[in-house]
Amino acid sequence: MSADPAPALTSTLHLDETLADARVVVLAGGGGVGKTTTAAGIGLGMARRGRRVCVLTIDPARRLADALGLEGVADEPVQVPLEDGADGELWVVMLDAKSTWDGLIRKYADSDEAAERVLQNRVYKEFSGAVAGTQEYTAVEKLHELLQSGRWDVVLLDTPPTRNALDFLDAPQRLHAFIDSKALQLLLKPASGGIGLIGRGAGMFTGLLKRALGVDLLSDLIEFFGVLGGMSQGFSDRARAVQALMAEPRTVFLLVAAPLPESLAEAARFRSILRGRDIHYGGLVVNRVTRADQDDDEAAVRTAFGAHLDEDVATRAAAMHERVRSQAAHDTAMVTAHLAAPGEERVLLVPQLAEDVHDVAGLDRLGAHLYPVPVPG
Amino acid sequence: MALMDRRLLLVTGKGGTGKTSVAAALAVLAARQGKRVLLAEIAGERLSELFGHRPVGHHETPIQNGLSLIAIEPIDAAHDFLRSQVGAAVHRVIFQNRLFTLTMTAAPGLREVSTVDRLWDLTRRDRGRRKTVYDLVIVDAPATGHALAMLRSPATYGGLARGGPIKKRADEMASLLEDRTRTSVVLCALPEETPVNETLETAASLRDLHVDLGLVVLNRTRGTLLADDEADAVGALVPGALDDPDDGGGLAVRSAAPIVVEHRRARREERQQERLRAGLDDRVPLVLLPRRDGEVLRKDLGDLADELAGAAL
């Protein structure tokens, strides 16, 4: 089956322009689309333009992490050496959700002993390591901390891959609601009404829970929420601050996708969610797009190669070109189909590179496509 | 023992590796072999759409010959699980309690163990008169990390509970998962560095958990039609860098760069494929599914099933 000739699709997102005044750049998208590499590539480009940049990442591929000097370093900004003696700086932080949480507990607990008890708490261990939203929350917490320090002009946030964009945007608020719930108040003050209904209710409830689960979780729960409850005001303030930060004109969201149906559909969903909110959406970056000239059919390519190569090699090379051309047509058609109405969404097509990116030189090669116009001056 | 003769197949892998398509194709294949198959997905519902059926929700629903669907919601499964433990009446009383809901969210592994409990029930031979008995339950499981948490949950739970009915049930679940004649995991991967690393790490975790790895599916593979020296000859036609060839030149010049980029990508992927093969136990079959241009649709499931069957399942 030969694909219909796809309408030409060219990049309309110019990062130099879109990110010129950005203080926060949030990159969102599913897993495996090259989000971390894109964040690092954009960050490096900004550093090459003289800005002090910090990239906050969640789970970089090992080789890239090692090349950037992140090996074994969590939660601490690491500076990536740039050989040129440029004015700008590139820093990278690898987020460790668990240790960010542990830090928060130590900060807010009444005493060191109380902190230690919570850190050993079964409910806490589950919560800090796994519960949906906590990783997103700590990412936002860390972002805030980095901005507060004033050490950087711009912070790029490579968000955790989420099934639902709201998980990330709403994490602080949801967490606050969770901690601040009436149910929790009941749990914390089971005897506040003397021997009233609340006390009895909780007692009955505990018994049932113990019978149902075979586990006495109540003491763990009380201890856990006792400390977290003390942090409630902090969470509430932070939720508001984050909301304000996300709505700032100098905060720009970029979506990152691969030229695959599920990935582009996910980006489209995310876009529709962003649209309903007070958020500055910069555009869509599509990675690893296959490129080939659509006008060149297999026979013509074979003939052209025939002048330079053995006939047999020319034939197979032409067959290979046809395969690439077909994929390029599909990639283009798919991206086009998932874009918002023409002119409404800016897109940046990053071609499939000849070699993988796993060091600064690779990021520079990628940068040539992220920033097609070279560094000014 | 043949993969399709197990009772429970858990299909997992990193996001975007084609888990859902592979689970659906395995189900089509098993139904074609005359088995009664239940295809289950967890937290979300996408399979009904793939099969062109209305949403089925938390109910076993026959959708075509020999094949039923269910979408398991962990929180519903947790309610079912608790209802079975405390009785319907008591459950109804505490159902609305927000404290209860809070506990459901915070209790370690409760949703995971409840999901496994549901799967355990679905694989039983003695499900009672009114319920369908399935030869095979295929699960489009959550992404790897979460799937491992699910596999671990009965043991964790059995360890927390000191005795009683829960402990007994958790032990039954654990023995189902560890029984390689009944349960097997199918891992989906892509021929790229990080996905291959993760696949090998998951294989090691499964060994530690004593859970059988029955099949690895390497999705979206591509090959090259050229030998390396031939690709070099093509590449010699490219003026400037491969990633950014100079403009101009004739058709041969313009066509050369994309071919070499594709060739190198195919070679890199072959190296990842070799690394994956070398890292897996020899007895674990590795099936390659070639890259397709478009999305996997219902009409493609038959072809996919053929490709999987070709791998002697």
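In this predicted model, Val285(A) stands opposite Leu348(A), a residue of strand S8(A). The pairing behind this position joins strand S7 (residues 280-289) of chain A to S8(A), in the parallel sense and over 4 bridges.

Both strands belong to an open sheet of 8 strands in chain A, ordered S3-S4-S2-S5-S1-S6-S7-S8 and with mixed pairing. At its edges are strand S3 (78-80) and strand S8 (347-351) of chain A, each of which pairs on one side only. On average, neighbouring strands of this sheet are turned by 25° against each other, direction ignored. Strands of a sheet pair through backbone hydrogen bonds, either parallel or antiparallel.

Two helices that lie across strands of chain A are listed here.

| Helix | Strands crossed | Angle |
|---|---|---|
| H2(A), residues 35-48 | S1, S2, S4, S5, S6 and S7 of chain A | about 170° to S2(A) |
| H14(A), residues 261-275 | S1, S6 and S7 of chain A | about 160° to S6(A) |

H2(A) also meets another helix. Its axis and that of helix H17 (residues 360-370) of chain A come within 9 Å and cross at roughly 80°. H2(A) and H17(A) are therefore roughly perpendicular to each other. On the H2(A) side, the contact is made by Thr37(A), Ala40(A), Gly41(A), Ile42(A), Leu44(A) and Gly45(A). H17(A) contributes Val360(A), Leu363(A), Asp364(A), Leu366(A), Gly367(A) and Leu370(A). Sorted by class, the residues in the contact of H2(A) with H17(A) are 7 nonpolar, 4 polar and 1 charged.

Terms used: Residues numbered from 1 in each chain as written. Chains lettered and ligands numbered in written order. Predicted model: local features only at pLDDT ≥ 70, side-chain atom pairs only at ≥ 80, totals over all residues. Axes fitted to C-alpha atoms, helices over the stretch in contact; angles between N-to-C directions. Helix = DSSP H or I, 4+ residues; strand = E, 2+ residues; numbered from the N terminus. Parallel < 35°, antiparallel > 145°, perpendicular 65-115°, else oblique. Contact = placed C-beta atoms within 7 Å. Nonpolar A, V, L, I, M, F, W, Y, C, P; charged D, E, K, R; others polar. Pairing = 2+ DSSP bridges.
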